[in-house]
Amino acid sequence: MTDNNNSSAKKAFLFGSPVSHSISPAMHNLSFKILGINANYSAIDIDLDNIDSVTKYIRNDDFMGANVTMPLKNDIGKYIDRYDTSSRLSYCLNTIVPENGELAGYTTDGAGFVDSLYNNDIDVKNRSILILGIGGAARSIIVKCAFEGAKSITIAVRNVNKLRVPSEFSTNIESETSCPIKIIQLDSDIMNAAIDESDIIINATPVGMTDNNCLIDKKYLKPSHIVCDLIYKPSMTKLLLNAKACGCKYMNGKDMLLYQGARSFKLWTGKDMPIDEVKKMYFTD
């Protein structure tokens, strides 16, 4: 089996800050080892001040690819030569791939999320979706769900008048997918009505990660809801505990993390990540 730590190994990275907690190096390096790919994946702590030097550095022959996380996710696009449809429409990317002497940008968050739904026997087609938040991962999910045939997507944000996305974000998605996109105010009567009308509810905010808060009152949940929280530590946020108590089908963000990584891996190597082995090693509670 090929040693993926030798000097001739292709290099893959996770760029962002902080990244020391990330499981990505472990899952990708295990996959390289299993498949005999001579490559090594490292997490590099990089902030916005160093983004220019990073993108210059990776334009060399031994660069295989990279994942990008905050705070670089929304700004690194200006250093990339071209984008796939999802990253273009979502105005963010999380995966960089060298292609024909250029750097191509992709977003695998949305596809990874939809893959995680399918893995849990959930289909987004003809479903009404409510998503809380409009950050990079949320936008990637919105785009992918629209392309997968969602009936409608409602985005709940704290302040509809101070969105950090271009005004054409919604209309561009609607014109390319025919999926209606609506942006509403979080904590409003309109949102409560949207909860009632939704099939799938997704928390794409950090609320619940470090506290016991929840953006949706338990009284609005019903057993027919599918409740997803992109947070995976803790594995059961207050939102998911409420969903469980109400008899909803629910899931955290752990499978999304796995499947978005698998999507990146395929873009870099052309091979399928050994999902079962990676899941057994790093994604079992």
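1. A pocket, in the sense used here, is an open set of grid points with protein on both sides within 12 Å along at least five of seven lines. With that in hand, the largest pocket of this predicted model can be described: about 1,500 Å³ of space lies in it. Its lining is made up of 47 residues, and those that lie nearest its centre are M70, K73, A137, A204 and P206.

2. Turning to what supplies that lining, β3, α5 (136–147), β8 (152–157) and α9 (254–269) each give at least two residues to the largest pocket. Of the contributors, α5 gives the most, with four residues. Sorted by class, the lining of the largest pocket has 25 nonpolar, 15 polar and seven charged residues.

3. A reader new to the structure may ask which strand order is found in the open sheet of six strands with mixed pairing. The order is β2-β1-β3-β5-β6-β4. In this sheet β2 (39–45) and β4 (82–83) stand at the edges, and because each has a single partner strand, one side of each is left without a neighbour in the sheet. Helix α1 (residues 24–35) packs on this sheet, where the helix touches both β2 and β3 (63–68); the direction of α1 makes about 170° with that of β2.

4. The edge strand β4 deserves a closer look. β4 is joined by two bridges to strand β6 (residues 102–106), and the two strands run parallel. Within this pairing, Y83 stands opposite G105 in β6. As general background, strands of a sheet pair through backbone hydrogen bonds, either parallel or antiparallel.

5. There is also an open sheet of six strands with parallel pairing, and its order is β9-β8-β7-β10-β11-β12. Here the edges are held by β9 (181–185) and β12 (249–251), each of which has a single partner strand, so one side of each is left without a neighbour in the sheet. From one strand to the next, the twist of this sheet averages 15°.

6. Strand β10 (residues 200–203) can be followed through its pairings on either hand. With strand β7 (residues 128–132), β10 pairs in the parallel sense over four bridges, and the bridge partner of I129 in β10 is I200. With strand β11 (residues 226–229), β10 likewise pairs in the parallel sense over four bridges, and I201 stands opposite V227 in β11.

7. Are the two faces of β10 covered or uncovered? Both faces are covered, since I200 and I202 on one side are buried, as are I201 and N203 on the other. In a regular strand the side chains alternate between the two faces of the sheet.

8. N203 of β10 also appears in the lining of the largest cavity, together with residues including L132, V207, G208 and D229. A search of the whole structure finds one cavity of 30 Å³ or more, and about 50 Å³ of space lies in the largest cavity. By class, the lining of that cavity has five nonpolar, four polar and one charged residues.

9. Three individual residues may help the reader to find a way around the model. Q260 lies in helix α9, and because its relative accessible area is 9%, under the 20% limit, Q260 counts as buried. Leaving aside neighbours within four places in sequence, Q260 is in contact with N94, T108, D109 and G112.

10. N74, by contrast, is found in the loop between β3 and β4, and N74 is partly exposed, with a relative accessible area of 40%. Not counting residues up to four places away in sequence, N74 touches Y91, C92, G136 and R139. The C-alpha atoms of N74 and S90 are separated by 9.8 Å, with the two residues 16 apart along the chain.

11. The last of these residues, A193, is found in helix α7 (residues 189–197). With a relative accessible area of 35%, A193 is partly exposed, because that value falls between the 20% and 50% limits. A193 and A39 are 154 residues apart in sequence, and C-alpha to C-alpha they lie 50 Å apart in space.

Methods
Residues are numbered from 1 along each chain as its sequence is written. This is a predicted model: local features need pLDDT of at least 70, side-chain atom pairs count only at pLDDT 80 or more; totals for chains, interfaces and linings use all residues. Side-chain values use heavy atoms; hydrogens and water are left out. Two strands pair if DSSP finds at least two bridges between them. Contact means heavy atoms within 4.5 Å. Axes are lines fitted to C-alpha atoms, for helices over the stretch in contact, and angles run from 0 to 180 degrees between N-to-C directions. On a 1 Å grid over the protein atoms alone, a cavity is a set of points where a 1.4 Å probe fits but cannot get out, and a pocket is an open set with protein on both sides within 12 Å along at least five of seven lines; lining residues have an atom within 4 Å of a point. Grid points are joined across faces, edges and corners, and a volume is the space filled by probe spheres set on the points. Ala, Val, Leu, Ile, Met, Phe, Trp, Tyr, Cys and Pro count as nonpolar, Asp, Glu, Lys and Arg as charged, and the others, Gly among them, as polar. Buried means under 20% relative accessible area, exposed over 50%, partly exposed in between (1.4 Å probe, protein chains only).
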